[in-house]
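Biologist: Please take a close look at one part of this model for me, the metal site. Then tell me about the other ligand as well.

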Amino acid sequence: MISRAVELIKKSTEPVVFTGAGMSRESGMRTFRGEDGLWNEYSPEQLSSISGLRADPEIVWNWYKMRLMAGEGVVPHAGYRALTYLQRKKGKLPVITQNVDGLHRLAGQTDVLEIHGSMRTASCLNKCGYATELAIDALKNIPPLCPDCGAILRPDIVLFGEPLPHEIISRSYRLAEECDLMVVIGTSVQVWPAAGIPFAALDRGAVIIEINPVQTELPHSDNVISIRRKAGEVLPLLVGLKEKI
Ligand code: NAD
Ligand code: ZN
């Protein structure tokens, strides 16, 4: 199975990568669903919605501060480095990610489509135009306020009930429809509309290489090669950076 995947990656002329929270697990970021998932402890509706942010900005911002602190010092693992290597080798390799942790960029990748936004910046909830880098020291006072108009700041991630960034999502679907290979890593393929992206690729005849230790919503099919292993272990192998695990 691995050797078939290696061949497919080598031959592919229009490859695309699609990642989810599991891609960052080995860097120390927790996933939302599954064993050890954050949503087992916290309610998404309260902590990740505009109404929750307006109703209780203190609780919501303390949660983001906790997530930011959890991400401090986190570095991209060997699987990230393997993708960076592959992107440089191929010359063109768009990376569509559901992650908000910024690790693809930190690993030196370009053409990263963050369809759920980024936790690394924040902006004014009143949309006055103020935006800032989001670092722990910017969160001495909770909730952080806009220095220009006094409104609460919001993290620049897509919250529940908000539409996905239109340009990014439409380019992602276009890439899915035009690719010949999609490498799908560390996603439960449960969060819509993002989950539609690998299905769009499959519908147009692309092959999928899936890397996930557990089974997901992707179908059993000749066009889906499922490698049930961890991203950091298997990606260096798939791109030819490592001989064996
Ligand atoms: P998910 O939590 O629903 O699923 C994670 C998947 O990763 C699971 O199927 C799990 O089996 C798999 N996984 C765990 N460890 C892995 C490993 N080492 N290698 C490969 N796969 C592994 O994640 P999702 O599908 O991305 O959906 C969750 C939503 O939550 C996303 O929209 C994302 O925006 C957000 N989120 C982001 C982060 C982050 O930025 N790091 C973390 C948690 C959640
Ligand atoms: Zn403002």
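**The zinc site and ligand 1**

Modeller: The zinc ion (ligand 2) is held by four sulfur donors: Cys124 (SG), Cys128 (SG), Cys146 (SG) and Cys149 (SG), at 2.3 Å. Keep in mind that this is a predicted model. The site is tetrahedral, with angles of 98 to 119 degrees among its 4 donor atoms. Along the chain, the donors of this zinc ion are spaced as C-x3-C-x17-C-x2-C. Distant parts of the chain are linked here: Cys124 sits in strand E4 (residues 117-124), while Cys146 lies 22 residues away, in the loop between strand E5 (131-133) and strand E6 (153-157).

Now to ligand 1. It is surrounded by 26 residues. The closest are Gln98, Asp101, His116, Thr187 and Ser188. Sorted by class, this shell holds 9 nonpolar, 11 polar and 6 charged residues. Two domains contribute to the shell, each with at least three residues: domain 1 (1-28 + 75-116 + 164-245) and domain 2 (30-73 + 118-157).

Some polar atom pairs can be named. Asp101, one of the closest residues, places a polar side-chain atom 2.7 Å from a nitrogen atom of ligand 1. Val100 uses its backbone instead: an N or O atom there lies 2.8 Å from an oxygen atom of the ligand. Gly22 also offers a polar backbone atom, 3.4 Å from an oxygen atom of ligand 1. How much of ligand 1 does the protein bury? Taken alone, ligand 1 exposes 850 Å², and the protein buries 92% of that.

Methods. Residues are numbered from 1 along each chain as its sequence is written. Chains are lettered from A and ligands numbered from 1 in the order in which they are written. This is a predicted model: local features need pLDDT of at least 70, side-chain atom pairs count only at pLDDT 80 or more; totals for chains, interfaces and linings use all residues. Side-chain values use heavy atoms; hydrogens and water are left out. A residue is near a molecule or strand if one of its heavy atoms lies within 4 Å of it. A polar contact is a pair of N or O atoms within 3.5 Å; within protein, one must be able to donate a hydrogen and the other to accept it, and residues adjacent in sequence count only if both atoms are side-chain atoms. Accessible areas come from the Shrake-Rupley method with a 1.4 Å probe; for residues, only the protein chains shown count as cover. Ala, Val, Leu, Ile, Met, Phe, Trp, Tyr, Cys and Pro count as nonpolar, Asp, Glu, Lys and Arg as charged, and the others, Gly among them, as polar. Domain bounds come from an automatic or database domain assignment. Donors are N, O and S atoms within 2.8 Å of the metal (3.2 Å for Na, K and Ca); water is not among the atoms, so sites may look incomplete. Four donors count as tetrahedral if all angles lie between 85 and 135 degrees; four count as square planar and six as octahedral if opposite donors are over 155 degrees apart and all others between 65 and 115; anything else is irregular. Helices (H or I, at least four residues) and strands (E, at least two) are DSSP runs, numbered from the N terminus.
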